[in-house]
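Here are my notes from going through this one, jotted down as numbered points. Have the viewer open while you read, and jump around as you like.

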Amino acid sequence: MSMPGDPAQPDPEDCRGTMSAKEDAKWLQWVTHQFETIAGEDREIDLQEFKTALKVKESFFAERFFTLFDSDGSGTITLQELQEALTLLIHGNPMDKLKFLFQVYDVDVCEQRGRGVCGYRVGPGGGPHLTSSALGKGNGSIDADELRTVLQSCLRESAISLPDEKLDQLTLALFESADKDCSGDITFEELRDELQRFPEVMENLTISAAHWLKPPTVQRHLRPHRPRLLTSAYWHNHRSQLLCLATYTGLHVLLFALAASAHRALGISVMVAKGCGQCLNFDCSFITVLMLRRCLTWLRATWLAQVLPLDQNVQFHQLMGYVVVGLSLVHTVAHIVNFALQAQSKSSSFQFWELLLTTRPGIGWIHGLASPTGVALLLLLLLLFACSSSCVRRSGHFEVFYWTHLSYLPMWILLILHGPSFWKWLLVPGILLFLEKAIGLAVSRMAALSIVEVNLLPSKVTHLVIKRPPLFNYRPGDYLYLNIPTIARYEWHPFTISSTPEQKDTIWLHIRSEGQWTNRLYESFKASDPVDCDSKRLSRSLRMRRSHWRPQVSEMFPENHQFCNIKCYIDGPYGTPTRRIFASEHAVLIGAGIGITPFASILQSIMYRHQKRKHVCPSCQHCWMEGIQDNDMKLHKVDFIWINRDQRSFEWFVSLLTKLEMDQAEETQEGRFLEMHLYMTSALGKNDMKAIGLQMALDLVAKKEKKDSITGLQTRTQPGRPDWNKVFQKVAAENKGKVQVFFCGSPALAKVLKVRCEQFSFRFFQENF
């Protein structure tokens with residue numbers, strides 16, 4: 001039971017099986033402590049306290065469990081009653097838990113009795129067992145209305161919204177399947193027989209209590225694992241990054257040593273200052289090269305993409321930022337020490353503050369500006385560093401990060417005045433930057449584009465349809481920078497292109513509202529008449545349809561759909577790690593939430609290229625595939641995994657997924673080129689006692705209708721989160737070639753997937769999200 005203040009919740013798999021006597025004593029001690037925490041002086045828990053401790057969204061199950069735990073019908077639970085009931089659910093055999101589940105579903109049993117799990121006896125194994133008297137009172141059967149009440153509560157607990165007709169259909173499907181004798185009631189024996197048709201459900205009954213009852217984490221003596229850095233899989237997946245990091249470190253050692261050696265006659269402080277200064281010459285010029293997106297996109301199309309860690313350019317940019325700050329502080333301290341020693345020297349005619357802050361000593365190659373420019377550089381650098389922190393960037397103040405980052409221009413000017421050699425280091429990176437900015441400005445401002453359609457989708461997602469400019473060529477998964485002057489004149493924000501390159505007339509963007517700019521965008525279109533909307537929207541719609549614009553995915557929500565003519569600018573396209581997908585043999589695409597966006601374009605292109613391989617005999621209509629490997633695509637198999645929080649989130653791209661399923665209608669389930677896996681994390685899993693009936697009903701209806709009740713797709717939506725160990729084991733067992741995993745979503749999940757990929761020797765690529 002998840003009690004208030006419980007600091008650690010173990011993974012449910014840690015609670016499987018039978019605990020040892022030592023673990024059992026530890027668990028009972030924990031239960032006693034948690035009970036006393038919430039029980040108070042009366043040493044009893046009432047229904048409200050039980051609901052708070054259980055943290056169940058739907059109170060139906062809290063009330064059912066409370067009534068069953070309250071064995072004497074007093075309206076409160078004592079410590080003894082709690083321990084007896086929880087010990088049953090942890091140590092009892094599957095049949096005992098099945099009887100408990102039956103009582104949860106048999107609503108009128110407890111309504112008539114007002115009693116709980118009574119009649120305990122000690123079984124042969126020392127564990128508690130239910131006596132037959134526990135089922136002997138009340139009506140002892142479940143009718144269709146009782147089952148409907150339970151399934152309705154299951155839906156609410158799982159945050160699933162279905163119409164009443166669908167709920168009735170689920171209820172009747174499960175009821176008719178279990179009511180073998182057509183008596184109009186389900187007996188305990190009939191429920192038991194029905195559950196035995198679902199082996200995984202019977203297996204999960206033995207661990208179901210662990211999902212809402214959380215004993216303390218048990219320390220297990222596992223075989224110690226080698227650190228990740230010492231595994232061959234880690235080196236295989238990070239060889240390019242480690243090689244570049246080693247080269248970067250070696251270059252700094254060499255630059256420092258050469259500069260320090262050249263000034264060894266001037267003392268240690270000058271040697272350190274000059275060594276750091278030479279390293280800063282390289283860092284302060286090269287750090288910008290890592291953010292030249294157009295150059296990096298060009299490099300991705302060359303063989304250098306296999307050698308250089310182009311996907312980690314942002315991480316290396318951040319690393320160099322930290323190095324610049326560190327070296328600058330050491331460089332400054334070394335000079336301060338040197339100035340202090342000079343000021344104390346009898347041969348010096350300048351005071352310490354003059355050496356540090358003025359041009360009088362003549363330090364530097366241009367009018368003695370080295371000291372004042374150094375102080376100005378340090379202050380600017382610390383300001384830029386502070387405004388680049390994640391707390392600033394993710395707190396809705398992106399413009400602070402953006403404008404302070406533009407200080408690199410005055411910093412370069414100060415660096416040229418500060419050091420005599422910096423202009424030489426800056427020459428090549430400066431020219432590249434100038435060309436990058438000039439080309440970007442010319443392309444983005446050459447002609448204003450138009451947002452011609454807007455769809456407001458569930459979960460505050462804005463779907464923009466932009467008229468595609470002529471010569472705008474991109475690859476699946478690429479992104480662009482968008483500027484909408486009516487929202488913010490000077491702000492440019494990156495978004496993945498969700499339309500496929502084969503869609504010639506328009507570009508699609510799906511933008512989730514998570515910050516100030518994206519929220520302003522959504523709210524501006526949510527208003528009745530957004531700025532610059534075209535009043536002749538029906539005429540525009542007709543013109544667009546007659547121009548043979550046929551989007552491959554229809555996301556039309558009439559009440560939230562608008563035709564408009566809003567000016568915007570785009571800069572791009574820019575490449576991402578997902579460009580490697582088409583060169584893979586077995587690709588696993590994992591999207592979390594709106595992280596599906598790059599894969600929306602990629603999946604359409606994959607299926608387009610896959611269909612090009614297909615040939616049909618005009619005589620016998622026999623289908624066959626051309627050569628599996630070609631220049632466009634080397635894929636043998638694609639697994640697409642989409643993880644969403646709630647039901648409405650699937651509405652973003654459900655029509656796309658429907659079309660992808662239709663494209664594979666003639667292929668067998670086992671031999672499908674594209675296999676989809678959908679997960680909804682808010683839904684209770686099959687190993688949760690509260691959801692067993694609902695998941696059985698959903699399975700029955702899906703099998704009968706050949707489609708999922710939640711999304712309407714053929715692919716069944718799985719409740720809860722994926723078991724990555726099982727997922728990757730299945731992928732490895734298919735033996736379709738070298739596996740590469742591509743992920744777009746939260747950084748926390750990326751860390752988990754990265755470790756799993758190393759365990760299975762899969763290559764892992766993450767799109768910065």
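1. Let's start at helix H26, residues 724-734. Trp 724 and Phe 728 sit 4 residues apart in this helix, so about one helical turn separates them. Keep in mind throughout that this is a predicted model. Both residues are tucked away: Trp 724 is buried at 8% relative accessibility, and Phe 728 is buried too, with a relative accessible area of 0%.

2. On to the aromatics in general. The count comes to 16 aromatic pairs. One of them is Phe 472 with Tyr 474, whose ring centres are 5.8 Å apart with the planes at 50°, so this pair is tilted. Phe 472 has a relative accessible area of 8%, which makes it buried, and Tyr 474, at 7%, counts as buried as well. The pair from point 1 is also tilted, because the ring planes of Trp 724 and Phe 728 are at 40°, with their centres 5.9 Å apart. If you'd rather look at a cluster, ring pairs link Tyr 248, Phe 282, Phe 286 and Trp 425.

3. Now the open space. The second largest pocket holds about 1100 Å³. Its lining is made up of 40 residues, and those nearest the centre are Ala 273, Lys 274, His 331, His 335 and His 418. By type, the lining splits into 23 nonpolar residues, 16 polar ones and 1 charged. Which helices supply at least two residues each to that lining? They are H12 (268-286), H14 (313-344), H16 (370-387) and H19 (408-418).

4. The closed spaces come next. There are 4 cavities of 30 Å³ or more, and the largest cavity has about 70 Å³ of space. The elements giving two or more residues to its lining are helix H5 (94-105), helix H8 (164-178) and helix H25 (692-705). H25 has the largest share, with 3 residues. Among the lining residues are Leu 101, Tyr 105, Leu 174, Ala 178, Ile 692, Gly 693 and Met 696. As for chemistry, the lining of this cavity has 10 nonpolar residues, 1 polar and no charged.

5. A strand worth a look is E5, residues 449-457. Buried or exposed, how do its residues come out? In E5, 9 of the 9 residues are buried, so the strand is largely enclosed by the rest of the structure. E5 runs antiparallel to strand E6 (residues 461-467), and 6 bridges join the two. To pick out a single bridge, Glu 453 has Val 465 as its partner in E6. E5 and E6 form a hairpin, with 3 residues between the strands. In the turn, Ser 459 has a positive phi of about 60°, so give that residue a glance if you check backbone torsions.

6. Last, a loop residue. Where does Thr 358 sit? You'll find Thr 358 in the loop between helix H15 (352-357) and H16. Its relative accessible area is 19%, and the cut-off for buried is under 20%, so Thr 358 counts as buried. Leaving aside residues up to four places away in sequence, Thr 358 touches Trp 353, Gly 368, Ser 371 and Pro 372.

Terms used. Residues are numbered from 1 along each chain as its sequence is written. This is a predicted model: local features need pLDDT of at least 70, side-chain atom pairs count only at pLDDT 80 or more; totals for chains, interfaces and linings use all residues. Side-chain values use heavy atoms; hydrogens and water are left out. On a 1 Å grid over the protein atoms alone, a cavity is a set of points where a 1.4 Å probe fits but cannot get out, and a pocket is an open set with protein on both sides within 12 Å along at least five of seven lines; lining residues have an atom within 4 Å of a point. Grid points are joined across faces, edges and corners, and a volume is the space filled by probe spheres set on the points. Ala, Val, Leu, Ile, Met, Phe, Trp, Tyr, Cys and Pro count as nonpolar, Asp, Glu, Lys and Arg as charged, and the others, Gly among them, as polar. Buried means under 20% relative accessible area, exposed over 50%, partly exposed in between (1.4 Å probe, protein chains only). Two strands pair if DSSP finds at least two bridges between them. Contact means heavy atoms within 4.5 Å. Rings of Phe, Tyr and Trp (its six-membered ring) pair if their centres lie within 6.5 Å; planes under 30 degrees apart count as stacked, over 60 as edge-to-face and the rest as tilted.
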